[in-house]
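This report covers salt bridges, buried elements, nonpolar cores and surface in one protein chain. The sequence and structure are shown first.

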Amino acid sequence: MSAPTNHAFAPVHVKSPSHTSFPSHTAVPSDVDLDDVFADLSTDGVSAPESDVAGLTAVVTDARERGVDLSVVVVVDANPGRPSDLRDLATTVGKTEGGTVLVLSPDWMGSYSDSVSRVQLETAQDRSFGESASVTADRFSHEIVAPGPPWTLYTVLVIAVVAVIAGITFAVKWRREPENTQTRHIGSASEIAKSSDHRADSV
């Protein structure tokens with residue numbers, strides 16, 4: 001996800017990629033050392049520059065206390081070649097760590113979750129950019145649990161209203177039908193009587 005370029009995340013200097021085997025179905029930015037990332041995450045759920053660790057650790061702790069399994073927050077020092085690389089990194093980490101993973105670069109972010117839908121993740125990303133990594137991560141952790149429109153309830157209510165209207169319409173038509181039949185019968189009897197009177201007068 002692209003965003004305004006005025007976010008000043010402190011850089012993290014990562015080593016050259018190691019040869020440790022991790023999920024390879026995604027394209028992880030080449031300058032990210034997954035060994036270092038997983039080692040950091042095993043300590044406090046955060047892999048970030050030292051200046052960001054305290055703030056991000058507080059965000060992760062708060063999220064978990066609220067029932068949000070924000071297991072990791074990763075900050076990289078430069079934008080990768082493609083925004084999707086951040087999502088790939090989040091996916092690679094998430095497949096191992098589980099929970100919800102947020103990856104931040106100076107101007108972009110990517111995410112993965114084993115419990116939150118992609119639509120909700122993308123929406124949260126669009127609404128979460130802030131002036132620092134910890135502010136962005138905190139907004140993200142709240143956005144992914146913000147209640148959305150209860151579409152299922154709306155659908156049920158609409159169906160119920162339609163059914164009620166259809167029922168009322170049917171009842172009104174059903175009640176009118178005997179009245180119309182009775183009116184036709186009365187009309188026919190009146191016409192027969194008039195016809196008989198006419199014949200009698202003629203005689």
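Glutamate 143 and arginine 127 join their side chains in a salt bridge at 3.5 Å, N to O. A salt bridge here is a side-chain nitrogen of Lys or Arg within 4 Å of a carboxyl oxygen of Asp or Glu. This pair links distant parts of the chain, with glutamate 143 in helix 5 and arginine 127 in the loop between helix 4 and helix 5, 16 residues apart. Glutamate 143 counts as partly exposed because its relative accessibility is 24%, whereas arginine 127, with a relative accessible area of 55%, is exposed. The cut-offs are under 20% relative accessible area for buried, over 50% for exposed and the range in between for partly exposed (1.4 Å probe, protein chains only).

The model is predicted: local features need pLDDT of at least 70, side-chain atom pairs count only at pLDDT 80 or more, and totals for chains, interfaces and linings use all residues. Residues are numbered from 1 along each chain as its sequence is written, and side-chain values use heavy atoms, with hydrogens and water left out.

**Salt bridges**

The structure holds four salt bridges; among them are the three in the table, given with their N to O distances.

| Acidic residue | Basic residue | Distance, N to O |
|---|---|---|
| Aspartate 62 | Arginine 66 | 2.9 Å |
| Aspartate 85 | Arginine 82 | 2.9 Å |
| Glutamate 143 | Arginine 127 | 3.5 Å |

Aspartate 62 is partly exposed at 28% relative accessibility, and its partner arginine 66 is partly exposed at 33%. In the pair of arginine 82 and aspartate 85, arginine 82 is partly exposed, with a relative accessible area of 45%, but aspartate 85 is buried, at 10%. Side chains of opposite charge can pair when their charged atoms come close.

**Overall fold**

The secondary structure comes to six helices and four strands, where helices (H or I, at least four residues) and strands (E, at least two) are DSSP runs numbered from the N terminus. Along the sequence the pattern is α-β-α-β-α-β-β-α-α-α. The chain has 203 residues, of which 35% are buried. Among contacts between residues at least 6 apart in sequence, 57% join residues at least 24 apart; contact means heavy atoms within 4.5 Å.

**Helix 4 and its surroundings**

Helix 4 spans residues 118–126, and Leu121, Glu122, Ala124 and Gln125 are buried in it. Seen down the helix axis, these buried residues fall within an arc of 160°, so they line one face of helix 4. The arc is that of the directions from the helix axis to the C-beta atoms. Val119 and Asp126 are exposed on the other side of helix 4. The cover over its buried residues includes helix 3 (84–97), strand 3 (100–104), strand 4 (109–113) and helix 5 (133–143).

Tyrosine 112 sits in strand 4 and is buried, at 13% relative accessibility. Leaving aside neighbours within four places in sequence, tyrosine 112 is in contact with residues including Ala90, Gly94, Thr100, Arg118 and Leu121. Tyrosine 112 and threonine 100 are 12 residues apart in sequence, with their C-alpha atoms 5.7 Å apart.

**Nonpolar cores**

A nonpolar core is a set of buried Ala, Val, Leu, Ile, Met, Phe, Trp, Tyr and Cys residues joined through side-chain atoms within 4.5 Å. The largest has 22 residues, and Leu56, Leu70, Phe140 and Ile144 touch the most other members. Helix 2 (50–65), strand 2 (70–75), strand 3, helix 4 and helix 5 each give two or more residues to this core. Helix 2 gives the most, with five. Apart from this core lies another, of 16 residues, among them Val72, Val74, Ala90 and Val93.

Which residues does isoleucine 144 contact, leaving aside its neighbours within four places in sequence? They are Val68, Thr100, Val116, Gln120, Leu121 and Ala124.

**Surface**

The chain exposes about 12,000 Å², and carbon and sulfur atoms supply 58% of that area. Accessible areas come from the Shrake-Rupley method with a 1.4 Å probe; for residues, only the protein chains shown count as cover. Val164, Ile168 and Val172 make a nonpolar surface patch of about 250 Å². Patches are made of residues with over 30% relative accessible area and no salt bridge, with like charges joined within 9 Å and nonpolar side chains (Val, Leu, Ile, Met, Phe, Trp, Tyr) within 5 Å. Valine 164 lies in helix 6 (residues 151–202) and is partly exposed, at 48% relative accessibility.
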